[in-house]
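Biologist: Can you walk me through this one? I'd like the overall picture and then some details.
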Amino acid sequence: DAYVSVLIKAVTPATVKYSFVWGRSKCRKVTDDFFGYTHFYKPLDKLKRYGFSLEQITMIDDTPSKIVSNYAAVIEIDAFEGAPDDNALSLLLARL
């Protein structure tokens with residue numbers, strides 16, 4: 001997705017290469033019948049088709065519902081709201 005590419009390019013040093021970056025187009029749309037809302041879920045088992053095991057994956061996301069029932073390392077961050085001084089991804093990358 002375009003917005004993901006822009007964010008990743010803005011915060012990632014040239015020496016870092018990602019194997020897979022997940023935007024909304026790769027999510028599974030799920031409707032919760034009980035609460036009546038729709039959310040997007042990232043089924044990490046989809047990555048097995050690309051040769052990854054879940055033990056190799058670190059997922060970074062701002063929405064807990066997207067990462068439910070995934071057995072991988074998950075780092076939850078605050079949502080990006082467009083603030084020019086938002087540096088959460090840059091700080092996170094420095095720690096990884």
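**Notes on the model**

Modeller: Leu54 sits in the loop between β2 and β3. Helices (H or I, at least four residues) and strands (E, at least two) are DSSP runs, numbered from the N terminus. This is a predicted model, where local features need pLDDT of at least 70, side-chain atom pairs count only at pLDDT 80 or more, and totals for chains, interfaces and linings use all residues. Residues are numbered from 1 along each chain as its sequence is written, and side-chain values use heavy atoms, with hydrogens and water left out.

Biologist: Is Leu54 buried or exposed?

Modeller: Leu54 is buried, because its relative accessible area is 17%. Buried means under 20% relative accessible area, exposed over 50%, and partly exposed in between (1.4 Å probe, protein chains only). The areas come from the Shrake-Rupley method with a 1.4 Å probe; for residues, only the protein chains shown count as cover.

Biologist: How far is Leu54 from Gly36 in space?

Modeller: They are 30 Å apart, C-alpha to C-alpha, with their positions 18 residues apart in sequence.

Biologist: And Cys27, where does that lie?

Modeller: In the loop between α1 and β1. Cys27 counts as buried because its relative accessible area is 15%. Cys27 and Leu44 are 17 residues apart in sequence and 9.7 Å apart in space, C-alpha to C-alpha.

Biologist: Step back. What is the order of elements along the chain?

Modeller: The pattern is α-β-β-β-β-α, from 2 helices and 4 strands. The C-alpha trace spans about 40 × 35 × 25 Å along its principal axes. Buried residues make up 23% of the 96 residues.

Biologist: What is the mean pLDDT?

Modeller: It is 80 for the protein chain, and 92% of the residues reach 70 or more. pLDDT is the predictor's confidence in each residue, from 0 to 100. Among the elements, strand β1 (residues 28-32) has the highest mean, 85, and strand β4 (residues 73-76) the lowest, 77. Where pLDDT is low, the predicted coordinates should not be read in detail.

Biologist: New topic, pockets. How much space lies in the largest pocket?

Modeller: About 1,200 Å³. It has 37 lining residues, and the closest to its centre are Ile8, Val21, Trp22, Ile60 and Asp61. Elements giving two or more residues to the lining are α1 (2-11), β3 (58-61) and α2 (88-95).

Biologist: Which element gives the most?

Modeller: α1, with 5 residues.

Biologist: What counts as a pocket?

Modeller: On a 1 Å grid over the protein atoms alone, a pocket is an open set of points where a 1.4 Å probe fits, with protein on both sides within 12 Å along at least five of seven lines; lining residues have an atom within 4 Å of a point. Grid points are joined across faces, edges and corners, and the volume is the space filled by probe spheres set on the points.

Biologist: Where is Ala88?

Modeller: In helix α2. Ala88 is partly exposed, because its relative accessible area is 27%. Ala88 and Ser53 are 35 residues apart in sequence and 27 Å apart in space, C-alpha to C-alpha.

Biologist: Last one. Where is Tyr37?

Modeller: In strand β2 (residues 37-41). Tyr37 is partly exposed, because its relative accessible area is 39%.
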